[in-house]
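User: I would like to learn how to read a protein model step by step. Could you take me through this one with questions and answers?

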Amino acid sequence: AKDLLSTGEKDVATHLHSYTNLAALPQTPPLVIVSGDGIHVVDDQGKRYVEGMSGLWCASLGFSNKRLAAAGAKALDTLPYYHTFNQRTNVAVADLAEKLLALAPVPMARVFFANSGSEANDSAVKMVWYYHNAIGMPAKKKIIARRNAYHGVTVAAASLGGLDGNHRDFDLPIATAPEARFLHVDCPHHYRYAQDGETEQDFSTRLAQQIEERILAEGPETVAAFIAEPVMGAGGVLVPPAGYFEKVQAVLRKYDVLMIADEVICGFGRTGNMFGSTTLGIQPDILCCAKALSSGYVPISAVMVNDKVHSAIAANSGKLGSFGHGYTYSGHPVACAVALETLQVYEDEKLIDHVQALAPAFQAGLRSFAERRWVGNWRGVGLIGAIELMADKAARTPFAADRKAGYRFAALALEEGLIVRAMGDSIGLCPPLIITAAELADLFARLTRAMDRFDAEMGV
Ligand code: PLP
């Protein structure tokens with residue numbers, strides 16, 4: 001009888017899902033995706049969807065790139081596995097490290113490899129702590145992050161994050177005696193949190209001052225690093241207000257606080273430059289990337305460190321006899337080969353030029369919803385953006401949580417054959433970078449139909 005179970009039934013009975021209401025799963029069985037082509041994915045009923053989120057912000061080359069498949073197959077055939085511990089390496093990892101250093105938005109000295117964005121951020125945290133021990137500043141341990149940030153789900157990465165659902169009942173942020181090491185400051189969402197009449201520049205000044213006050217209150221000798229996504233993704237696609245990173249980094253430099261850029265979403269063209277740091281004017285000491293590094297086809301992430309950080313870490317490891325950090329799959333030859341090919345495809349297909357060429361149409365598409373009854377705000381840069389649904393636009397009042405407005409909108413979009421992401425009531429879009437102008441128009445036509453149905457349901 002077991003063989004007769006459908007995939008959905010089998011899945012509900014056996015699979016402990018990520019980010020899913022597990023209690024409700026039997027009533028809301030999962031969508032079974034069986035294949036993909038270009039920017040589309042297909043479910044087990046044969047229905048095609050425009051994947052408006054590139055899966056989880058990662059499949060930048062869509063779902064059927066043959067060059068990546070061939071690179072993976074060749075690597076599996078040549079050297080399916082080897083590690084990078086104890087002075088071992090492989091051809092692909094050395095080539096990929098060289099390539100990433102050449103692409104880096106600021107001069108970087110070395111690249112460390114891991115398997116996921118969470119692991120990259122965890123590794124960055126450990127490197128920050130190790131670095132400050134190495135330079136004789138062992139009290140400098142606190143890391144400042146932002147509310148609504150998303151940095152992953154491992155214990156340190158989730159502690160950095162600023163979304164309640166990643167903390168509540170997981171006993172996070174982790175408590176590290178004698179003092180908290182993970183601090184949170186306000187997020188740069190001008191539309192929601194600016195005071196009446198406050199310009200973007202004034203709002204940025206206030207947030208930078210808040211960071212300075214926090215550093216002074218904690219004691220500058222205890223604050224090690226600041227971590228930020230150039231554009232906050234899971235927090236609702238928050239493009240920072242004018243002047244934000246310039247003002248924040250001036251404060252960080254004053255107190256010798258390292259800057260970590262979490263480029264897990266923004267890296268590799270998403271914002272119209274190779275890295276979001278370039279678009280937003282960030283000069284990171286440490287840069288974490290993942291996702292589009294392999295177009296999501298294989299798990300791989302990377303942490304780039306500048307010379308200041310690397311030389312201190314290297315010297316300390318000399319004293320201790322080893323740098324005691326690394327994963328079985330750090331620099332996995334198959335993952336590195338696929339990542340290298342991904343970067344080559346970006347270059348061969350001039351994908352960044354393509355993103356820059358399409359960005360105005362993407363933003364015009366988002367802007368076309370600005371006057372809709374329930375849309376309070378839209379924002380976007382490159383090919384990442386969101387529209388935010390609000391119960392009362394004039395008063396800037398959000399919908400009550402139990403109306404599940406964003407969730408309902410995403411369900412309507414799905415019926416229209418479009419996958420979007422509801423982050424609260426912000427509807428995120430992050431389509432594959434290979435999307436054509438005609439496909440983009442189709443995406444917005446579907447979004448418009450979903451909005452028409454949403455209007456009808458909510459009452460115009
Ligand atoms: N950092 C950012 C900005 C992310 O968006 C994500 C995932 O969405 C992560 C880190 C965590 O990456 P992963 O899910 O690969 O661990």
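The turns below go from the overall shape to the ligand and then to one residue.

Analyst: This is a predicted model, in which local features need pLDDT of at least 70 and side-chain atom pairs count only at pLDDT 80 or more, while totals for chains, interfaces and linings use all residues. Residues are numbered from 1 along each chain as its sequence is written.

User: What radius of gyration does the protein have, and why does it agree with a compact globule?

Analyst: The radius is taken over C-alpha atoms, and the globule rule is 2.2 Å times the number of residues to the power 0.38. Because the protein has 460 residues, a compact globule would have a value near 23 Å, and this agrees with the protein's radius of gyration of 22 Å.

User: Which helix gives the most to the shell around the ligand?

Analyst: A residue is near the ligand if its C-beta atom, placed from the backbone, lies within 6 Å of it, and 15 residues surround the ligand, with S116 and G117 among the closest. Helices are DSSP runs of H or I with at least four residues, numbered from the N terminus. With three residues, the one that gives the most is helix 5 (residues 117-134).

User: Why does L56 count as buried, partly exposed or exposed?

Analyst: L56 lies in helix 2 (residues 54-57). A residue is buried if 20 or more other C-beta atoms, placed from the backbone, lie within 10 Å of its own, exposed if 12 or fewer, and partly exposed in between. Because L56 has 17 C-beta neighbours inside 10 Å, L56 counts as partly exposed.

Terms used. Helix = DSSP H or I, 4+ residues; strand = E, 2+ residues; numbered from the N terminus.
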